[in-house]
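Student: Hi, could you walk me through this protein? I'm new to it and would like the overall picture before the details.

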Amino acid sequence: MAAAADPDIDEAPKKRGLMMPLLIGLFLALAAGGGGFWAVTQGPLAGMFSHSETDDEEAHDEAERPAEYTPVAFVPLETLIVSLGSEAAGQHLIVSAELEVDPAYADEVTTLSPRVLDVLNSYLRVIDLRELSEPTSLIRLRAQMLRRVQVVTRDGRVRDLLITQFVVN
């Protein structure tokens, strides 16, 4: 009889050993679910996922109203013609652009346009012809040119650089 009692004693610790990870997993799942519910309803994500009929009405009203108009002015730059590679290659890059500026600074940026053209010309002269053949080259060049223009005109004056012509001839 003592042998029959021993297997029952051995099974009790095994059941408890299997039950503990299950209870810990259940507790963690409940805690994560409660934390997620709190974050979405009252925490940092409260406004992102709420949706009601008033939200639909507000969105419909916003769609009917025009967006806020931010006044802008455009300062055209002279067309740049830059030789690429060696003189024997005879290829040129033709770039036309306009600067998007705050109207209050349009005259000041127009006055600085010779400096802007100088910095753009200097930058474009060192561009390798192979770089221009890459699909993303225009995006990268535009960002580099805009940053150089903003340095020359001081930050806050030029919002964007709009390239209207970009031709390798």
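Tutor: Happy to; we'll go from the whole chain to one helix, then to a few residues and salt bridges. Please keep in mind that this is a predicted model.

Student: Great. How many helices and strands are there in the protein chain?

Tutor: The secondary structure consists of 6 helices and 4 strands. Following the sequence, they come in the pattern α-α-β-β-β-α-α-α-α-β.

Student: And what percentage of the residues count as buried?

Tutor: The protein chain has 169 residues, and 23% of them count as buried. Its accessible surface is about 12200 Å², with 59% belonging to carbon and sulfur atoms.

Student: What share of the contacts comes from residues 24 or more positions apart?

Tutor: Among contacts with a separation of 6 or more, residues 24 or more positions apart account for 66%.

Student: Let's zoom in on helix α4. What distance separates its end C-alpha atoms?

Tutor: They are 18 Å apart. Helix α4 covers residues 113–125, and at 1.5 Å a residue its 13 residues should span 18 Å, so the two values agree.

Student: Which residues of α4 are buried?

Tutor: The buried ones are S113, V116, L117, V119, L120, Y123 and L124. Looking down the axis of α4, you would find these buried residues within an arc of 165 degrees, so they line one face of the helix.

Student: Nice. Which exposed residues sit on the face turned away from that buried side?

Tutor: That face of α4 carries P114 and R115, which are exposed.

Student: And what covers the buried residues of α4?

Tutor: The cover includes two strands, β2 (80–84) and β3 (91–101), as well as two helices, α3 (106–111) and α6 (137–153).

Student: Can you show me a residue from α6 in more detail?

Tutor: Sure, take T153, which is placed in helix α6.

Student: Is T153 buried or exposed?

Tutor: T153 counts as buried, because its relative accessibility is 1%. Setting aside residues up to four places away in sequence, T153 touches V109, L112, V116 and V158. V116 also belongs to the buried residues of α4.

Student: Back to α4 for a second. What does N121 touch?

Tutor: N121, in helix α4, is in contact with L80 and V82 once its neighbours within four places in sequence are left aside. N121 and I81 are 40 residues apart in sequence, yet their C-alpha atoms are 8.4 Å apart in space. As for accessibility, N121 has a relative accessible area of 23%, so it is partly exposed.

Student: New topic: salt bridges. Why would two side chains pair up like that?

Tutor: Side chains of opposite charge can pair when their charged atoms come close. In this model the count comes to 6 salt bridges.

Student: Which residue does D102 pair with?

Tutor: D102 forms a salt bridge with R159, and their closest N and O atoms are 3.4 Å apart. This pair links distant parts of the chain, since D102 lies in the loop between β3 and α3 while R159 is in strand β4 (residues 158–168), 57 residues apart. Both partners are partly exposed: D102 has a relative accessible area of 25%, and R159 has 33%.

Student: What about D128, which residue is its partner?

Tutor: D128 forms a salt bridge with R130, with the closest N and O atoms 2.7 Å apart. D128 counts as partly exposed at 29% relative accessibility, whereas R130 counts as exposed at 64%.

Student: Any others worth looking up?

Tutor: R140 and E131 meet through their side chains in a salt bridge, at 3.6 Å from N to O. R140 is partly exposed, with a relative accessible area of 31%, and E131 counts as partly exposed at 25%. There is also a network of salt bridges linking E108, R154 and R157.

Student: Last one: which residues make the nonpolar surface patch?

Tutor: M19, L22, L23, L26 and L30 make a nonpolar patch of about 530 Å². L23 is in helix α1, which covers residues 2–41. With 48% relative accessibility, L23 counts as partly exposed.

Student: Thanks, that gives me plenty to find in the viewer!

Definitions and conventions
Residues are numbered from 1 along each chain as its sequence is written. This is a predicted model: local features need pLDDT of at least 70, side-chain atom pairs count only at pLDDT 80 or more; totals for chains, interfaces and linings use all residues. Side-chain values use heavy atoms; hydrogens and water are left out. Patches are made of residues with over 30% relative accessible area and no salt bridge: like charges are joined within 9 Å, nonpolar side chains (Val, Leu, Ile, Met, Phe, Trp, Tyr) within 5 Å. Accessible areas come from the Shrake-Rupley method with a 1.4 Å probe; for residues, only the protein chains shown count as cover. A salt bridge is a side-chain nitrogen of Lys or Arg within 4 Å of a carboxyl oxygen of Asp or Glu. Buried means under 20% relative accessible area, exposed over 50%, partly exposed in between (1.4 Å probe, protein chains only). The expected span of a helix is 1.5 Å times one less than its number of residues. The arc is that of the directions from the helix axis to the C-beta atoms. Contact means heavy atoms within 4.5 Å.
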